[in-house]
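Student: Please take a close look at a single part of this model, one chain, and then carry the same way of reading over to selected places elsewhere. I would like one connected account rather than a list.

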Amino acid sequence: MNEKEILSRLKKIVEPYTQRPEGLRDFNVNTDFINDLQINSANLVDVVLDVEDEFNIEIDNDSMEGMLTVGDAKTIIENKLV
Amino acid sequence: MSKRVVITGMGVASPNAVGLRDFNHALKNMNSGIRFFPELERLNFSCQIAGKPEIPEDLLTEYFTPLQLRGLNSSGIVYGVIAGIDAWKDAGLSIIDGNNPDWDSGIIFGTGILGVDKFREAIHLIDAGKTRRLGSSSVIQTMASGISAYLGGMLGCGNQVTTNSSACTTGTEALLMGFERIKAGKASRMLVGSCSDHGPYIWGGFDAMRILPANFNKEPEHVPGPMSAKASGFVPGSGAGALILEELDSAIARGARIYAEILGGEINSGGQRENGSMTAANNEAVVRCITKAIENSGIHSTDIDAINGHLTATSRDSVEILNWTIALNRKDSNFPYINSLKGLTGHCLSASGSIECVASVLQIWNNYIFGSLNCEEIHPEILELVDEDKIPRNLLEEKINILAKASFGFGDVNAVAIFKRYTA
């Protein structure tokens, strides 16, 4: 799976949780879930569950805590997919 | 001069109608919301009939965001939000968009238990060792105060936002608690009400107690109603009712429509002493609750034109009527008109008090007394106390000035509210 495809799937996942839609316009590895998209911190666990379902992987608690940006999520997904 | 409290908005999600206008119509036409549920038959319930509001999928999107709808599996929250938001809008209040809460508006919205279907999901996941799969919405949909929390966030209320719980007294208690808060000058407006989840996990415990009617599964339209000679138990229901209580000056300043005034009321308990128990009311406590409510309202028992009783369709109905005759010192042809909503909706449990308060106020506002359904033959013990024409079985066009509403609940708890036609 290439980076572009991972990012496009991620964007679809975070869309319903995003409270700042303009943050989605420039969706890239530096996009911060809380600062740029204003996702409610409680909803980050839901994003993680959706990512698990979408990519058929399991994300442990330590990895989840380091998942602050789209780039972090991409790296975690890539590592699990190997 | 003590503050006066009026009702300026109402909303309802009842088994026989969703929305205030349809509910008013259903009351006047005596439309029943009691239906047969195949699910209850499959689960071997003795009583397979119940009352459940019908909510079309597309209606939900008018009240909840797509995000809120994800994984939403708490019927009490659905009913409570529909009734609460409707009441707010019906009162002509706007929903705050900016960053400042409305510090003068609060919420007391009760429930018996919330989000049982969501809780069941969680139990299955937890027992399978998958707790981490619960997601973020398990807590907010199952905490008792979830309903007031959802409404508080949607409306931006900055005054007290809480949930009360007192079994089938809950809704009427919420109304009186909101009334007292405004009286005390602590809030200008209170959204009060209550909700109850639907489904087998709510109703099962009552079925097990053998207090629900078991012989009308094939003919729910004929199940004997409250005060009927054949009453054999209450039909379980669900839903929500909501009212906006407002300090009179605030209502006048806004130019709000005033449905009725709350004169006062009383909340008490029989302490599960004498003939009171966990499941039965102490008669002395009921009589005291009624007489104190009248006293607190500054009226005389002879001023009461109509009663909306608790009256569930059990053998307790005649005891309730007896308590009313003692408390009011009125009987036979001197007794006020009395009716019960539960023949049309079933007993909506923690939602019953608020739905019935809405029904009571609609009767004052629209000059009628709705008929009690499936009560052609009135219980002989009741006829010994009250003249038959005081129990309308059909719509009665009648101007009501003062109405008394009672709710009684498990735990031997009581609440009585006194509503009056508003006059400046």
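**A close look at chain A, and onward to chain B**

Tutor: If we take the contacts in chain A between residues at least 6 apart in sequence, 49% of them join residues at least 24 apart. The model is a predicted one, and every value below should be read with that in mind. Chain A contains four helices and zero strands, and from the N terminus on its elements accordingly read α-α-α-α. The C-alpha atoms of this chain fill a box of roughly 35 × 25 × 20 Å when the principal axes are used. For 82 residues a compact globule would be expected to have a radius of gyration near 12 Å, and because chain A comes out at 11 Å, the two values agree. As for burial, 26% of the 82 residues of chain A count as buried.

Within chain A, a helix pair that repays attention is α1 (residues 3-14) and α2 (residues 44-55), whose axes lie 10 Å apart and form an angle of about 135°. Since an angle counts as roughly perpendicular from 65 to 115 degrees and as roughly antiparallel only over 145, α1(A) and α2(A) are therefore oblique to each other. The crossing in which α1(A) passes α2(A) is right-handed. On the α1(A) side the contact is made by A:R9, A:I13 and A:V14, and on the α2(A) side by A:V47, A:D50, A:V51 and A:E54. Sorted by class, this contact has four nonpolar and three charged residues, with no polar residue among them.

Chain A also meets chain B, with seven residues of chain A in contact with six residues of chain B. On the side of chain A that touches chain B, five of the residues are nonpolar, one is polar and one is charged.

Carrying the same reading into chain B, we can turn to helix α5 (residues 75-90) and helix α8 (residues 146-155), whose axes come within 9 Å and cross at roughly 40°. Because angles count as roughly parallel only under 35 degrees, that value makes α5(B) oblique to α8(B). Their crossing is right-handed. From α5(B) the residues B:G76, B:I77, B:G80, B:V81, B:G84, B:I85 and B:W88 take part, and they meet B:G146, B:I147, B:Y150, B:L151, B:M154 and B:L155 of α8(B). This contact of α5(B) with α8(B) divides into nine nonpolar and four polar residues, with no charged ones.

From α8(B) the account continues into the loops of chain B. B:Q160 sits in the loop between α8 and β6 (161-162), and it is partly exposed, since 17 other C-beta atoms lie within 10 Å. Leaving aside residues up to four places away in sequence, B:Q160 touches B:G106, B:R181 and B:A187. Of these, B:R181 is 21 residues away from B:Q160 in sequence, with a C-alpha to C-alpha distance of 9.2 Å. B:K186, in turn, belongs to the loop between α9 (170-183) and β7 (189-196) of chain B. Having 13 other C-beta atoms within 10 Å, B:K186 is partly exposed, and its C-alpha atom is separated by 9.5 Å from that of B:S105, 81 residues apart along the chain.

Backbone geometry adds another kind of detail. B:A313, which lies in the loop between β10 (306-308) and α13 (316-328) of chain B, has a positive phi of about 90° although it is not a glycine. Because 28 other C-beta atoms lie within 10 Å of B:A313, this residue is buried. B:N374, likewise not a glycine, has a positive phi of about 55°, and its place is the loop between β12 (368-369) and α16 (380-383) of chain B. With 23 C-beta neighbours inside 10 Å, B:N374 also counts as buried, given that 20 or more are required.

For a contrast with these buried positions, consider B:R273, which is found in the loop between β9 (260-269) and α12 (283-296) of chain B. B:R273 counts as exposed because it has 12 C-beta neighbours inside 10 Å, and the limit for that class is 12 or fewer. The C-alpha atom of B:R273 is separated by 39 Å from that of B:E39, 234 residues apart along the chain.

Methods: Residues are numbered from 1 along each chain as its sequence is written. Chains are lettered from A and ligands numbered from 1 in the order in which they are written. This is a predicted model: local features need pLDDT of at least 70, side-chain atom pairs count only at pLDDT 80 or more; totals for chains, interfaces and linings use all residues. Axes are lines fitted to C-alpha atoms, for helices over the stretch in contact, and angles run from 0 to 180 degrees between N-to-C directions. Helices (H or I, at least four residues) and strands (E, at least two) are DSSP runs, numbered from the N terminus. A crossing is left-handed if the near helix is turned anticlockwise from the far one by less than a right angle, and right-handed if clockwise. Two residues are in contact if their C-beta atoms, placed from the backbone, lie within 7 Å. Ala, Val, Leu, Ile, Met, Phe, Trp, Tyr, Cys and Pro count as nonpolar, Asp, Glu, Lys and Arg as charged, and the others, Gly among them, as polar. The radius of gyration is taken over C-alpha atoms; the globule rule is 2.2 Å times the number of residues to the power 0.38.
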